[in-house]
Amino acid sequence: MSLGLLDGSMSDQQRLPETDAEWRERLTDDEYHILREAGTEPRNTSELLHVDEDGRFRCAGCGQVLFESDTKFESGTGWPSFFEPAEEDAVDTRPDDGLLGTRTEVLCSNCGGHLGHVFEDGPDPTGLRYCINGLALEFDGEE
């Protein structure tokens, strides 16, 4: 779902939905499942998995810039992966206790949307792998 950010018709500071119904209206069913219910898309299904052009990856829920293309790398996991956020405060993290043990969940710091998880098996310079659901992102390519 396009939020109008690519054509400049909305600002990064657009009003966030306040109710579950407003989120459901803004997002597709799949985006809602991932961003608001902490779902996971099937591996190797994201259109953003093989994007290698210059640009920025924004939150599909609110439009905040989360990652830059020069931090994206091929992890072989089946999800878009990055070694650091665009800005230190672009994402929040918290423990995620589940069937796979405790992992570190990654959230958009602006709207609180679930993005994916971060692991300590990434490349230099950070050693981190932000494993992000493609449906939680929108790509803003540079022209």
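In this predicted model, a surface patch of negative charge brings together D52, E53, D54, D70, E84 and E142. One of these residues, E53, sits in the loop that runs between α2 (29-37) and β1 (55-59). With a relative accessible area of 46%, E53 is partly exposed, because that class covers values from 20% to 50%.

The loop between α2 and β1 also holds A38 and N44, and the backbone is worth a look at both places. Most residues other than glycine have a negative phi. A38, although not a glycine, has a positive phi of about 60 degrees. A positive phi, here of about 65 degrees, is likewise found at N44, again not a glycine. As for accessibility, A38 is partly exposed, at a relative accessible area of 43%, and N44 also counts as partly exposed, at 48%.

A further backbone feature appears in the loop between β7 (114-119) and β8 (129-132), where G127 lies and where P125 is found as well. Most peptide bonds are trans. The bond joining D124 and P125, however, is cis, with omega at about 15 degrees. As for the surroundings of G127, its contacts beyond the neighbours within four places in sequence are with F119, E120, D121 and G122. F67 stands 60 residues from G127 along the chain, and the C-alpha atoms of these two residues are separated by 16 Å.

Terms used: Residues are numbered from 1 along each chain as its sequence is written. This is a predicted model: local features need pLDDT of at least 70, side-chain atom pairs count only at pLDDT 80 or more; totals for chains, interfaces and linings use all residues. Side-chain values use heavy atoms; hydrogens and water are left out. Patches are made of residues with over 30% relative accessible area and no salt bridge: like charges are joined within 9 Å, nonpolar side chains (Val, Leu, Ile, Met, Phe, Trp, Tyr) within 5 Å. Accessible areas come from the Shrake-Rupley method with a 1.4 Å probe; for residues, only the protein chains shown count as cover. A salt bridge is a side-chain nitrogen of Lys or Arg within 4 Å of a carboxyl oxygen of Asp or Glu. Lys and Arg count as positive and Asp and Glu as negative; His and the chain ends are not counted. The place of a charge is taken as NZ of Lys, CZ of Arg, CG of Asp or CD of Glu. Helices (H or I, at least four residues) and strands (E, at least two) are DSSP runs, numbered from the N terminus. Buried means under 20% relative accessible area, exposed over 50%, partly exposed in between (1.4 Å probe, protein chains only). Contact means heavy atoms within 4.5 Å.
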